[in-house]
Amino acid sequence: PYAAPGYGAADQGIAAGVGAHSQPAAHGRRAADADERPGAVLAAGVVAIVIGGLLAVVSALGLLGYLAAKSQLDDLIAQAGMTEADAALADEFFGSVLTAVLILVVALAVFAALYLVLGVGTVKGRRPFAWGLVVVAAVNVVWGLYQAVTGGGAGDIAPGAALGQWVSLAVSFAIVGLLTLGAGGAWLRRS
């Protein structure tokens, strides 16, 4: 019953009069263990954080490219020696292209923020964040499949971007699978 320094005392159980109180504590531990986040949920959260970080970097680079192109647009048009009408058309055309680029950059930044926030919440074992991550990844899967079937997407603009779309589709599909099937799905459906 007496412990040496650095060692715990031996459990005396019912003889010491604590047996009646040890069962609820053990039951509480079993309930906490049963609600523990499975590895599939942790993996989905980590993948979401990595994807969110990559998207944040890509959106930041896109924003820098947009700002650089916008600042040089007027200089390029002036150096081209165009007539006023042609310069106005070129300015309108390139202005609309830059607007489309800015919209894409903002969309990437929003998805980056969603993946980061929902990934961190999922890693912490919070079900509402995991449900949100399922929704965001499922939307990405549906959008990617739509683009694959219709033939649209970034592959038309830059051939290397098509690979990125397929990787994004595969990763989003994996996140949905990790969070809806097996131990991850059972954990997510538990309330």
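**Figure 1. The whole chain, for orientation.** Among contacts in the protein chain between residues at least 6 apart in sequence, 71% join residues at least 24 apart. Keep in mind that this is a predicted model. The secondary structure comes to 6 helices and 0 strands, so if you walk from the N terminus you simply read α-α-α-α-α-α. Of the 191 residues in the protein chain, 23% count as buried. The chain exposes about 12,300 Å², and carbon and sulfur atoms supply 70% of that area.

**Figure 2. A nonpolar patch with L42, V46, V50 and L54.** Together these four side chains make a nonpolar surface patch of about 320 Å². L54 has its place in helix α2, which covers residues 39-79. With a relative accessible area of 51%, L54 counts as exposed, because the cut-off for that label is over 50%. V50 is found in helix α2 as well, but here the relative accessibility is 46%, so V50 goes down as partly exposed. V50 also has a partner in space to look for: Y115 is 65 residues away in sequence, yet the C-alpha atoms of the pair are 8.5 Å apart.

**Figure 3. Where α3 passes α4.** Helix α3 takes in residues 84-123 and helix α4 residues 127-150. Their axes come within 8 Å and cross at roughly 145°, and the crossing is left-handed. On the α3 side, the contact is made by F111, L114, Y115, V117, L118, G121 and T122. On the α4 side, the residues to pick out are F129, A130, G132, L133, V136, A137 and N140. Y115, named here as part of the α3 side, is also the residue whose C-alpha lies 8.5 Å from that of V50.

**Figure 4. S59, a buried serine in helix α2.** The place to centre this view is S59, found in helix α2. S59 has a relative accessible area of 7%, so it counts as buried; the limit for that label is under 20%. Setting aside residues up to four places away in sequence, S59 touches V105, L108 and A109.

**Figure 5. Y66 and the residues it touches.** Y66 is another residue with its place in helix α2. At 12% relative accessibility, Y66 counts as buried. Leave out the neighbours within four places in sequence, and Y66 is in contact with L98, V101 and L102. For a backbone distance, try T99: Y66 and T99 are 33 residues apart in sequence and 8.9 Å apart in space, C-alpha to C-alpha.

**Figure 6. D91 in helix α3, with L73, D74 and I77.** D91 is found in helix α3. Its relative accessible area is 35%, so D91 is listed as partly exposed. Not counting residues up to four places away in sequence, D91 touches L73, D74 and I77. One of these, L73, is 18 residues from D91 in sequence, with 7.6 Å between the two C-alpha atoms.

**Figure 7. L181, in the loop between α5 and α6.** Helix α5 runs over 159-180 and helix α6 over 182-189, and L181 is in the loop between them. L181 is exposed, with a relative accessible area of 59%. Bring A40 into the frame too: A40 and L181 are 141 residues apart along the chain, and their C-alpha atoms are separated by 9.1 Å.

Definitions and conventions:
Residues numbered from 1 in each chain as written. Predicted model: local features only at pLDDT ≥ 70, side-chain atom pairs only at ≥ 80, totals over all residues. Heavy atoms only, no water. Patch = residues over 30% accessible without salt bridge, like charges linked within 9 Å, V, L, I, M, F, W, Y side chains within 5 Å. Areas by Shrake-Rupley, 256 points an atom, 1.4 Å probe, with all protein chains shown as cover. Helix = DSSP H or I, 4+ residues; strand = E, 2+ residues; numbered from the N terminus. Buried < 20%, exposed > 50% of the residue type's maximum accessible area, 1.4 Å probe, protein only. Axes fitted to C-alpha atoms, helices over the stretch in contact; angles between N-to-C directions. Left-handed = near helix turned anticlockwise from the far one by under 90°. Contact = heavy atoms within 4.5 Å.
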